[in-house]
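Here is a short tour of a protein chain for someone new to reading structures. Keep the picture open while you read, and find each residue as it comes up.

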Amino acid sequence: MTTQTTPIPDQKKVGMVSLGCPKALVDSERILTRLRADGYAMSPDYAGADVVLVNTCGFLDSAKEESLQAIGEAIAENGRVIVTGCMGEEADAIRAAHPSVLAVTGAHQYEAVVDAVHEHAPPSQGPYIDLIPQPDVKLTPRHYSYLKISEGCNHSCAFCIIPDLRGKLASRRIDAVLREAEKLVAAGTKELLVISQDTSAYGVDTRHEERLWKGEPVRAHMTDLARELGQLDTGDGTPPWVRLHYVYPYPHVDAVIPLMAEGLLTPYLDIPFQHASPKVLRAMKRPANEAKVLERLKHWREICPEIAIRSSFVVGFPGETEEDFQYLLDWLEEAQLDRVGAFRFEPVEGAQANSLPDPVTEEVKEERYARIMEVTERISAAKLADKVGLQIPVIIDEVGAPDEDGDVGATGRSQADAPEIDGAVYLRNVPKTLAQGDIVTVSIEDSDAHDLYGAVA
């Protein structure tokens with residue numbers, strides 16, 4: 001008697017194009033994790049995918065254009081495309097440009113995305129294929145992870161439509177955030193990058209509710225979160241690097257600086273100042289307390305001299321005069337920020353700023369952008385030059401192949417450098433045992449306007 005066997009069907013494969021900010025990248029990871037649990041495999045290219053997801057950005061017109069181009073490329077290369085993310089709120093515009101998209105969903109609509117994939121590429125796996133649960137999908141290297149603590153934002157900045165795209169502030173439970181962080185660190189994460197639309201406001205919507213963690217009550221509050229994250233152990237008795245992003249300078253931010261001085265929190269704050277001129281800040285509908293900020297920066301540096309401050313600024317906002325712009329440059333000279341990004345103002349459909357009078361010409365925007373970059377690069381170059389001769393901790397992002405002499409180089413980051421947005425530390429002639437994710441002490445030998453150069457001490 002012969003026994004008939006039923007062949008196991010091939011797994012359906014999903015491709016992913018993830019655009020925009022780290023918050024969108026976390027959304028992509030969550031979507032792919034859910035799909036893998038449903039029996040899907042991940043495709044590294046267009047050709048092998050049964051369906052392609054494009055996670056879009058819709059914050060600026062230039063980002064929307066990039067999203068539409070990415071959708072078009074996916075359609076041309078694969079043909080079966082599902083669109084999600086911030087620009088998904090503009091489904092009509094997407095379908096007008098690309099009528100063949102299979103489905104369009106909005107930001108962090110995980111269930112709708114998964115349902116669309118199920119509809120257009122039904123899972124082929126039965127319930128007996130994966131008996132062992134698979135780990136979460138990560139789109140970042142193993143040694144660093146983004147930790148999203150909330151969605152949405154309660155601000156109504158004149159240039160921004162994030163509340164329209166992602167809604168009002170919705171904080172995650174503190175115990176859920178800490179459980180995810182603990183799981184990530186146990187899996188090899190050496191650096192946690194805390195992200196949200198407004199990290200300082202974490203827990204405001206839940207009145208900073210308490211939850212039990214390790215048998216003790218912990219509030220949904222930025223300072224409690226930072227303190228608990230600093231208690232995690234990477235396996236060698238040291239906490240992970242914990243880096244705070246999108247921190248509005250509310251008064252309680254002062255309380256996290258001592259945690260940096262104690263070594264529980266990476267001495268780094270990403271604060272979106274956006275401008276310094278009180279008049280422009282009022283027009284942007286942002287707090288206009290630039291003088292007090294300078295005092296606080298000085299106080300923070302007294303408590304933790306190693307602290308690095310990064311920020312971003314908008315030039316050419318409607319109504320910005322030469323006097324306003326010069327005020328910003330003078331403020332930057334006094335603030336001496338470590339890392340600065342600048343952006344030319346772009347009108348965003350639906351933003352209040354579009355109706356403001358006295359728009360700045362594109363020529364003036366370009367001229368001011370060049371001037372602010374010149375000032376901030378000079379400040380950065382001087383700050384990095386001061387680090388020559390020091391020994392600092394560096395996390396390794398990449399180890400190169402041996403050259404013709406057998407020497408191996410590596411690229412890493414100091415505690416003043418977040419991945420993708422800040423500078424790097426380039427190492428020469430590293431030990432052959434050095435691996436991605438290692439944290440080593442480096443002797444700094446040289447510097448330029450953005451990066452450091454050195455060798456393992």
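## G400, partly out in the open

G400 has a relative accessibility of 36%, so it counts as partly exposed; the band for that label sits between buried, under 20%, and exposed, over 50%. This is a predicted model, by the way, so keep that in mind throughout. You'll find G400 in the loop between β16 (391–399) and β17 (410–414).

Who does G400 touch? Setting aside neighbours within four places in sequence, its contacts are V408, G409 and A410. For a sense of distance, try E180: it lies 220 residues from G400 along the chain, and the two C-alpha atoms are 31 Å apart.

## Q415, one loop further on

Now follow the chain past β17. Q415 sits in the loop between β17 and β18 (425–427). Its relative accessible area is 22%, so Q415 is partly exposed.

Leaving out residues within four places in sequence, Q415 is in contact with W241, R243, T266, P267, Y268 and P393. R36 is 379 residues away from Q415 along the chain, and their C-alpha atoms are separated by 34 Å.

## Two residues in one loop

Have a look at the loop between β9 (191–195) and β10 (210–213), where T199 is found. Is T199 buried or exposed? With 0% relative accessibility, T199 counts as buried. Apart from residues up to four places away in sequence, T199 touches I149, V194, M222, H245, Y246 and V247.

R207 also has its place in the loop between β9 and β10. R207 counts as exposed, because its relative accessibility is 77% and the cut-off for that label is over 50%. There's something to spot in its backbone too: R207 has a positive phi of about 55 degrees, although it is not a glycine.

## Another positive phi

Q274 is not a glycine either, and its phi is positive, at about 75 degrees. Look for Q274 in the loop between β13 (268–270) and α9 (278–284). Its relative accessible area is 11%, so Q274 is buried.

## The nonpolar cores

Which residues of the largest nonpolar core touch the most other members? They are L229, L269, W331, L337 and I372, out of 55 residues in that core. Take L337 and skip its neighbours within four places in sequence: its contacts are F273, L297, R301, I309, S311, F313, W331, L332, I379 and K383. There is also a second, separate core of 17 residues, with V52, I75, V83 and V104 among them.

## The whole chain

Time to zoom out. The chain has 12 helices and 20 strands. Why call it as compact as a globular protein of its length? Because its radius of gyration is 24 Å, close to the 23 Å that the globule rule gives for 457 residues. Along its principal axes, the C-alpha trace spans about 85 × 55 × 55 Å.

Of the 457 residues, 50% are buried. Look at contacts between residues at least 6 apart in sequence, and you'll find that 72% of them join residues at least 24 apart.

As for the outside, the accessible surface of the chain is about 21,000 Å², and carbon and sulfur atoms account for 52% of it. The chain carries 45 positive and 73 negative charges, and the mean positions of the two sets are 5 Å apart.

Technical notes
Residues are numbered from 1 along each chain as its sequence is written. This is a predicted model: local features need pLDDT of at least 70, side-chain atom pairs count only at pLDDT 80 or more; totals for chains, interfaces and linings use all residues. Side-chain values use heavy atoms; hydrogens and water are left out. Helices (H or I, at least four residues) and strands (E, at least two) are DSSP runs, numbered from the N terminus. The radius of gyration is taken over C-alpha atoms; the globule rule is 2.2 Å times the number of residues to the power 0.38. Buried means under 20% relative accessible area, exposed over 50%, partly exposed in between (1.4 Å probe, protein chains only). Contact means heavy atoms within 4.5 Å. Accessible areas come from the Shrake-Rupley method with a 1.4 Å probe; for residues, only the protein chains shown count as cover. Lys and Arg count as positive and Asp and Glu as negative; His and the chain ends are not counted. The place of a charge is taken as NZ of Lys, CZ of Arg, CG of Asp or CD of Glu. A nonpolar core is a set of buried Ala, Val, Leu, Ile, Met, Phe, Trp, Tyr and Cys residues joined through side-chain atoms within 4.5 Å.
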